[in-house]
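Reader: I should like to learn how the empty spaces inside a protein model are read. May we work through one example together?

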Amino acid sequence: MEIISKIKTMQEIADSLRRENKKIGFVPTMGALHQGHLSLIKAAREQNDALVVSIFVNPLQFSPEEDYESYPQVMEKDTELCEQMGVDVIFCPEMAEMYPPLPLRERDGVRETTVERQSMCLTTVHVSEITSGLCGLFRPCFFQGVTTVVTKLFHAVKPHTAYFGQKDYQQAVVIKKMISDLNMDIEMQILPIIREKGEKGLALSSRNAYLNPEERIQAGILFETLRIAKLMLDNGERDGVRLSSWMKENIEANPLVLLEYAEVCDTEILKPLFQIETRALLALAVRIGKTRLIDNMIWEQAG
Ligand code: AMP
């Protein structure tokens, strides 16, 4: 397994693999790998000749009050896991490699910090409309940060197929749209959410490490709400407003959980559904203490 930190070197490896007609599979991550990431890595390993995993905590997708500085970084353990999974290349560029330092500026007499300035990549990729609702409402910089970094990673790794998790459903839909709108010659696969075993069914996330034992119990409300909402749909509920109101009430009944959104949406354009027909996205975001958690489920009419 090779560990590559330079974009140029990564591009040379990708070019040489492509010359040999090798299929390149790519799993972009921010590290702190768990079974959710490993499910993507496993699928990519099975379906490609060469497998690249990137580990890069992208400052562009965090707003100043978010957890960029404290995001879990466990490179040694991640390297071991990648080795065990048969990864060929870990691509882990330094921040300055991805976002070369810009001269610091002064604003209102205050000198910007390096992180602030580096977080301002001057060329960005923006997908409109489907980024405005759900997480986009609460994290205004997030999707532009994601689409910009994923574009840069695609240019470095030159994959044939890239793997993403349904866990971040809106992100996956946004990247799919970007690939299509910008004619990127990349196949995309979206794989199912991996959850903790047991009835609480907490979706695995690197941020779960922030939860204390009490908060971890409270976090069970996410999957519980999704499961019951899905049952209601199975039993014939078709009113999207009534269903999302129930989801909100069920979460808000828990004083330790702060609701961001609970929506019933179209699965492609991500707009709220008033009348549900054969398919719907149930999507949630909450804060428990300092931790932001998201989860979702796709409901499809049986048969
Ligand atoms: P992250 O490191 O959080 O940026 O995630 C990297 C990739 O792993 C994204 O495509 C996520 O959607 C995916 N992922 C994260 N958690 C899970 C999970 N519990 N199940 C499946 N995929 C996941």
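Author: Let us begin with a term. A cavity is a set of grid points where a 1.4 Å probe fits but cannot get out. In this predicted model, the largest cavity holds about 890 Å³ of space.

Reader: How many cavities of 30 Å³ or more does the structure hold?

Author: The structure holds two of them.

Reader: Which residues lie nearest the centre of the largest cavity?

Author: One reads a cavity through its lining, the residues that have an atom within 4 Å of a grid point. Here the lining comprises 49 residues, and Met30, His37, Lys167, Asp168 and Gln171 lie nearest the centre. By class, the lining has 28 nonpolar, 15 polar and six charged residues.

Reader: Which element supplies the largest share of that lining?

Author: That element is α7, with six residues. The helix α7 spans residues 142-157. Among the other elements that each supply at least two residues are α8 (169-181), β10 (279-288) and β11 (291-300).

Reader: What takes up the space of the largest cavity?

Author: The ligand does. To describe its setting, one lists the residues with a heavy atom within 4 Å of the ligand. There are 16 such residues here, and the closest are Met30, His37, Asp168, Ile194 and Leu204. This shell divides into nine nonpolar, five polar and two charged residues.

Reader: Which element gives the most to the shell around the ligand?

Author: The helix α2 gives the most, with three residues. This helix covers residues 35-47, and β2 (24-29) and β7 (161-165) also supply at least two residues each.

Reader: Which atoms of the ligand lie close to polar atoms of the protein, and at what distances?

Author: For a polar contact, one looks for a pair of N or O atoms within 3.5 Å. A side-chain N or O atom of Asp168 lies 2.6 Å from an oxygen atom of the ligand. For His37, a polar side-chain atom is 2.8 Å from a ligand oxygen. With Leu204, the partner is a polar backbone atom, 2.9 Å from a nitrogen atom of the ligand.

Reader: What part of the ligand surface does the protein bury?

Author: The ligand alone exposes 490 Å², and the protein buries 92% of that area.

Reader: How is an open space, a pocket, described?

Author: The same kind of description applies. The second largest pocket contains about 280 Å³ of space. It is lined by 16 residues, with Ile55, Phe56, Val57, Gln73 and Pro93 the closest to its centre. Its lining has 12 nonpolar, two polar and two charged residues.

How values were computed
Residues numbered from 1 in each chain as written. Predicted model: local features only at pLDDT ≥ 70, side-chain atom pairs only at ≥ 80, totals over all residues. Heavy atoms only, no water. 1 Å grid on protein atoms, 1.4 Å probe; cavity = no way out; pocket = protein on both sides within 12 Å on 5 of 7 lines; lining within 4 Å. Points joined across faces, edges and corners; volume = space filled by probe spheres on them. Nonpolar A, V, L, I, M, F, W, Y, C, P; charged D, E, K, R; others polar. Polar contact = N/O pair within 3.5 Å; in protein donor to acceptor, adjacent residues only side chain to side chain. Areas by Shrake-Rupley, 256 points an atom, 1.4 Å probe, with all protein chains shown as cover. Sits in = over half its atoms within 2 Å of the grid points. Helix = DSSP H or I, 4+ residues; strand = E, 2+ residues; numbered from the N terminus.
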